[in-house]
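Subject: Structure for your files

Hello,

Here is the structure you were expecting, with notes on what turned up in it. Please keep it open while you read.

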Amino acid sequence: MDLGFGSSNQALGNSAATSILRATAAQEEAISSEISKYDALLDSTDSELEKLRERRLAQMKKAQTQKRTWLENGHGSYDELNSGQHGGDVAKAFFDAAKKSNRLVIHFYRPTTR
């Protein structure tokens, strides 16, 4: 299809169309593989579905255990560390809090700052 803008625009249009067709084909293939996975699940036996359910239940239990552990370690709370006269007191409290978890959010401030 010639739009009348010259051969360079025509070549650009053809390459764009080719790229779009390749991307569309890749998406269709991905969707087909997903559909075939679901078809295989529908054709599977009850024992296979039961195994799938058991794996998912184990994943959910593990996630709940991790969430409970995080809550016990103080995740989701905003705590102020001890503010004593000695820097060692604050450092000890900081390192104790840091050892409880792999992740820690710290907010440094001065009492004089509003």
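A residue is called buried under 20% relative accessible area, exposed over 50%, and partly exposed in between. Glu34 has a relative accessibility of 34%, so Glu34 counts as partly exposed. The same cut-offs are used for the other residues below.

The model is predicted. Its mean pLDDT is 83, and 87% of the residues reach at least 70. Among the elements, H2 has the highest mean pLDDT, at 91, while helix H3 (residues 87-99) has the lowest, at 81. Where pLDDT is low, predicted coordinates should not be read in detail.

Overall layout

The protein has three helices and zero strands, and the order from the N terminus is α-α-α. Helix H1 covers residues 7-43, helix H2 residues 46-72 and helix H3 residues 87-99. Of the 114 residues in the protein, 3% are buried. The accessible surface is about 10800 Å², and carbon and sulfur atoms account for 57% of that.

Salt bridges

How many salt bridges does a search of the whole structure find? The search finds three, and they are taken here helix by helix.

In helix H1, Glu34 is bridged to Lys37, with 3.2 Å between the closest N and O atoms. The two residues are three apart in the helix, about one turn. As said above, Glu34 is partly exposed.

In helix H2, Glu50 pairs with Arg53, and here the closest N and O atoms are 3.5 Å apart. Glu50 and Arg53 are also three residues apart, again about one turn of the helix. Glu50 has 38% relative accessibility and is therefore partly exposed. Arg53 has a relative accessible area of 51%, so Arg53 is exposed.

In helix H3, the side chains of Lys92 and Asp96 form a salt bridge, 3.4 Å from N to O. Lys92 and Asp96 are four residues apart, about one turn of the helix. Lys92 is exposed because its relative accessible area is 54%; Asp96, at 36%, is partly exposed.

Aromatic pair

The count of aromatic pairs comes to one. The ring centres of Phe94 and Phe95 are 5.2 Å apart and the ring planes are at 70°, so the pair is edge-to-face. The angle is what decides the label here, because planes over 60 degrees apart count as edge-to-face. Are the two residues buried, partly exposed or exposed? Phe94 has 26% relative accessibility and counts as partly exposed. Phe95 also counts as partly exposed, at 49%. Since the pair lies within residues 87-99, bear in mind that H3 has the lowest mean pLDDT of the elements.

Nonpolar patch

Which residues make the nonpolar surface patch? Tyr38, Leu41 and Leu52 do, and the patch comes to about 280 Å². Leu52 is in helix H2. With 35% relative accessibility, Leu52 counts as partly exposed.

That is everything I have to pass on for now.

Best wishes

How values were computed: Residues numbered from 1 in each chain as written. Predicted model: local features only at pLDDT ≥ 70, side-chain atom pairs only at ≥ 80, totals over all residues. Heavy atoms only, no water. Phe/Tyr/Trp six-rings, centres within 6.5 Å; stacked < 30°, edge-to-face > 60°. Buried < 20%, exposed > 50% of the residue type's maximum accessible area, 1.4 Å probe, protein only. Patch = residues over 30% accessible without salt bridge, like charges linked within 9 Å, V, L, I, M, F, W, Y side chains within 5 Å. Areas by Shrake-Rupley, 256 points an atom, 1.4 Å probe, with all protein chains shown as cover. Salt bridge = Lys/Arg side-chain N within 4 Å of Asp/Glu carboxyl O. pLDDT = per-residue confidence, 0-100.
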